[in-house]
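Please open the model in your viewer with the cartoon and the side chains available, and keep a selection tool at hand. The tour goes from one selection to the next, with a short account of what is found at each stop.

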Amino acid sequence: MTPIFGRGPSLQFRLFIAVMISASLMLADSRLNAFSEIRYLLNSFVAPIHYAANLPRTMFDGMYERFNSRDTLMLENQKLKQDIFIQNSNLLLLEQLKQENSRLRDLLGSPFIRDEKKMVTEVMAVDSAPYTHQVMIDKGLIDGVYEGQPVINDKGIVGQINYVGAHNSRVLLLTDANNAIPVQIVRNDIRVIASGKGHLDTMQLEHIPTNTDVEIGDLLVSSGLGGRYPEGYPVGYISNIDNDNKRPFASIELATSVEFDKLRYLLLVWPTETEVKAKEIPDGE
């Protein structure tokens, strides 16, 4: 007797077709960026889910603050007043140093600017991939965020924006193995490249000759070269130097200034109009 329903293709053949279609779609996306708009729409669709997942922590923080005792708040208030008093005294010296630094840079013709526009943003999620160091923040295209935008916090350089959605964005951290930043040693102004090595608390300096004047404890800050990161923000301290005469370059590790495993509030940085114009003027004009 002939069966009512014909027998379909075998499971192995179906699996083969599914694998071929998946491989074709991944190749088209990686080579032609064919699904960028679809990812953008999906990211916008998932954004409310991220906010909903973040809601319990926000509510818990609010409840914790409301249940703090009056004595604790008074002690914190007294400590904050003392801290403000100390900071105000430090500002007296800082203002003097700022004026002196401004005069010296005017003499040198330096374009160094420290009044960048900044916006506070909060970390919503951390990438769980073992070899990818990225976090998601709650600011996106509607807030003026753009790809390649530098991100900092109160400790130093955090990284750069590598994807922008409508309401959120992803930050590629400095410690990611695919990230690097031009830096300079504060002690002697030697300029080098620091790159991520996949560890949350260390980076490495690349192509440093063994006779280069570097010392453990040297502070490295962003040099501003390349126009991606603003100049002068801390990146880290030299923590280990391995000079092997059999190798042309030294192996140097950098302990990061930022605690990448404790990120919560970050700052998005926009260049000033003066900096933008300086980048648009070709060298020699």
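Begin by selecting Lys139 in this predicted model and displaying what surrounds it: beyond its neighbours within four places in sequence, Lys139 is in contact with Met119, Val120, Thr121, Val145, His167, Asn168, Ser169 and Leu268. On the cartoon, Lys139 belongs to the loop between β2 and β3, the latter strand covering 150-152. Is Lys139 buried or exposed? Its relative accessible area is 17%, and because buried means under 20%, Lys139 counts as buried.

Next, colour the strands β1, β2, β5, β4, β3 and β12, which in that order form a closed barrel of six strands with antiparallel pairing. Within this sheet, neighbouring strands are turned by 45° against each other on average, direction ignored.

Stay with this barrel and select β1 (residues 117-126) together with β12 (residues 265-270), two strands that run antiparallel and are joined by six bridges. Two pairs can be picked out here: Lys117 has Trp270 of β12 as its bridge partner, while Glu122 stands opposite Tyr265 in β12. Then add β2 (residues 134-137), which pairs with β1 in the antiparallel sense over three bridges; in this pairing Val126 stands opposite Val135 of β2. As general background, the strands of a sheet pair through backbone hydrogen bonds, either parallel or antiparallel, so it is helpful to show backbone atoms at this stop.

Now move to another set of strands and colour β6, β7, β8, β11, β10 and β9, which in that order make a closed barrel of six strands, again with antiparallel pairing. The twist from one strand to the next averages 40°. Inside this barrel, select β10 (residues 234-242) and β11 (residues 249-256), which pair in the antiparallel sense over six bridges, and find Ile241, whose bridge partner in β11 is Ile252.

The remaining stops concern charged side chains. How many salt bridges does a search of the whole structure find? The search finds nine, and three of the stops below show examples of them.

For one of them, select Lys79 and Asp83, whose side chains meet in a salt bridge with an N to O distance of 3.2 Å. Both residues lie in helix α3 (residues 70-108), four residues apart, which is about one turn of the helix. Asp83 is partly exposed, with a relative accessible area of 28%.

Select Arg187 and Glu215 next, a salt bridge in which the closest N and O atoms are 3.9 Å apart. This pair links distant parts of the chain, since Arg187 is in the loop between β6 (180-185) and β7 (191-196), whereas Glu215 is in the loop between β8 (202-209) and β9 (219-222), 28 residues apart. Both ends are partly exposed, with relative accessible areas of 38% for Arg187 and 41% for Glu215.

Then select Lys262 and Glu259, which form a salt bridge with the closest N and O atoms 4.0 Å apart. Lys262 counts as exposed at 59% relative accessibility, whereas Glu259, at 43%, counts as partly exposed. To finish, display Arg187, Asp213, Glu215 and Asp218 together, which are joined into one network by salt bridges that share partners.

Definitions and conventions: Residues numbered from 1 in each chain as written. Predicted model: local features only at pLDDT ≥ 70, side-chain atom pairs only at ≥ 80, totals over all residues. Heavy atoms only, no water. Pairing = 2+ DSSP bridges. Axes fitted to C-alpha atoms, helices over the stretch in contact; angles between N-to-C directions. Buried < 20%, exposed > 50% of the residue type's maximum accessible area, 1.4 Å probe, protein only. Contact = heavy atoms within 4.5 Å.
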